[in-house]
Amino acid sequence: MASLGDIVYALGQWLRSTPVNEFSLAIQKQPLSKMINSTFWATPTIQSIHILAIAATFGSVVMINLRIFQLAGQGVTMTDTVRRYLPWVWWGLAVLLLTGIGMIYSDPVREFTNPVFWTKMILILVAVAVSLWFQGSVRRNVARWELTHGGRVAIRTGAAGVICLWCLIIVCGRWIAYAPT
Amino acid sequence: MFLKALWPALEASPVGQYIQASSWAFPTIETFHVIAVVTVVGTIAVMDLRLLGVASTRWPVTSLSKDTLPWTWGAFVIAMVTGGLLFVSKATEYVVNANFQWKMILIVLAGVNMAIFHVFTWRSVHKWNSDTAVPLAGKIAGGLSLFLWILVVFFARAIGFTLDLYSQS
């Protein structure tokens with residue numbers, strides 16, 4: 001039976017046979033891409049900012065979900081909690097996007113021909129969609145997010161699922177560097 | 001010296017050998033380390049920003065502390081255990097790495113800053129818990145904590161890029 005590594009390897013081979021490969025190589029030839037790549041401290045600096053931004057986004061997601069689970073901030077309304085943390089989710093994501101583009105630009109082949117990278121992108125789209133829906137739902141009917149004791153299995157499952165989703169995004173983020181090529 | 005012998009011994013230990021030989025162990029432990037660190041920094045920043053008066057001003061300082069501190073400590077323990085495992089697998093390379101040394105010094109400084117805040121400044125917390133501005137000592141503690149943890153992340157990320165720079169082998 002094929003292992004997960006084998007599947008990732010095969011998908012990577014396939015991506016390299018598509019125009020994505022030439023596209024990545026073309027970006028790599030651009031002067032700015034070469035410059036970032038040859039500046040020793042550029043990549044670790046961009047990655048550090050990327051990690052700090054995920055700390056802001058993930059930390060805020062955790063705080064909102066702790067509030068949903070009634071494990072934190074019970075003295076404050078759900079609306080206040082969302083107002084406090086959701087902007088940090090979005091601003092963190094904006095910084096993640098910018099630094100992420102920087103990393104892609106400096107080493108496009110590493111990202112674009114990497115199945116782990118594309119898995120991460122799909123998971124991010126799901127996370128963004130869920131966050132947008134959550135933002136709207138809180139605006140429309142905040143009461144449904146106030147858990148009664150022992151109630152609302154769907155909300156509990158969803159909140160735990162969102163934390164798992166973000167953890168998976170971080171997992172993919174780290175494993176882009178370790179995908180078998 | 002005892003320490004000179006300790007680092008290679010750690011690497012040669014069964015745990016060190018296992019992580020070195022395995023293709024998945026190091027990245028897997030590293031991934032847990034990243035998730036833990038991100039939780040530590042994220043939750044600490046929530047408290048720091050409150051002390052600085054930048055965010056969460058609707059939350060009393062004591063209740064925000066209760067909300068964040070258990071998660072900060074829980075994640076910190078995971079970060080220490082996973083970090084320890086990563087260290088054991090390359091102990092001789094890490095101890096000579098200047099970025100690793102700075103990271104450890106900065107974590108200790110962050111701990112000292114936190115301890116000073118909780119032993120001294122925290123005593124009067126009931127006076128500035130809700131509506132009153134946080135005293136200067138508290139603001140300094142929050143700002144310093146934020147600054148130190150940001151530096152910790154930078155030095156941590158730099159380690160992986162500079163291992164060859166410092167080790168002779």
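**Exercise 1. The contact between the chains**

How many residues does the contact take from chain B and from chain A? Then work out which elements of chain B take part, and what kinds of residue they bring.

*Solution.* Keep in mind that this is a predicted model.

Step 1. Start with the two sides: chain B supplies 25 residues to the contact, and chain A supplies 25 residues.

Step 2. Now look for the elements of chain B that give two or more residues to the side touching chain A; these are α3, α4 (61–89) and α7.

Step 3. Of the elements of chain B, α3(B) gives the most to this side, with 12 residues.

Step 4. Finally, sort the side of chain B that touches chain A by residue type: 15 are nonpolar, six are polar and four are charged.

**Exercise 2. Chain B as a whole**

Describe the make-up and dimensions of chain B.

*Solution.* Step 1. Count the elements: chain B holds seven helices and zero strands.

Step 2. Measure out the box along the principal axes; the C-alpha atoms of chain B fill roughly 55 × 30 × 25 Å.

Step 3. Chain B has 169 residues, and 39% of them are buried.

Step 4. Turn to contacts in chain B with a separation of 6 or more: 80% of these join residues 24 or more positions apart.

**Exercise 3. Two helices that cross**

Are α3(B) and α7(B) roughly parallel or roughly antiparallel?

*Solution.* Step 1. Find the pair: helix α3 of chain B covers residues 25–52, and helix α7 of chain B covers residues 136–166.

Step 2. Their axes come within 8 Å and cross at roughly 150 degrees.

Step 3. Angles over 145 degrees count as roughly antiparallel, so α3(B) and α7(B) are roughly antiparallel to each other. The crossing of α3(B) and α7(B) is left-handed.

Step 4. Look at who meets whom: residues of α3(B), including Val41(B), Ile44(B) and Leu51(B), meet residues of α7(B), among them Leu146(B), Trp149(B) and Val153(B). The residues of this contact of α3(B) with α7(B) divide into nine nonpolar, four polar and two charged.

**Exercise 4. One tyrosine in chain A**

Why does Tyr85(A) count as buried?

*Solution.* Step 1. Locate Tyr85(A) in helix α5 of chain A, residues 78–106.

Step 2. Tyr85(A) has 24 C-beta neighbours inside 10 Å. The cut-off for a buried residue is 20 or more, so Tyr85(A) counts as buried.

Step 3. Leaving out residues up to four places away in sequence, Tyr85(A) touches Ser60(A), Met63(A) and Ile64(A).

Step 4. Val62(A) lies 23 residues from Tyr85(A) along the chain, and their C-alpha atoms are separated by 9.5 Å.

Key
Residues numbered from 1 in each chain as written. Chains lettered and ligands numbered in written order. Predicted model: local features only at pLDDT ≥ 70, side-chain atom pairs only at ≥ 80, totals over all residues. Helix = DSSP H or I, 4+ residues; strand = E, 2+ residues; numbered from the N terminus. Buried ≥ 20, exposed ≤ 12 C-beta atoms within 10 Å, placed from the backbone. Contact = placed C-beta atoms within 7 Å. Axes fitted to C-alpha atoms, helices over the stretch in contact; angles between N-to-C directions. Parallel < 35°, antiparallel > 145°, perpendicular 65-115°, else oblique. Left-handed = near helix turned anticlockwise from the far one by under 90°. Nonpolar A, V, L, I, M, F, W, Y, C, P; charged D, E, K, R; others polar.
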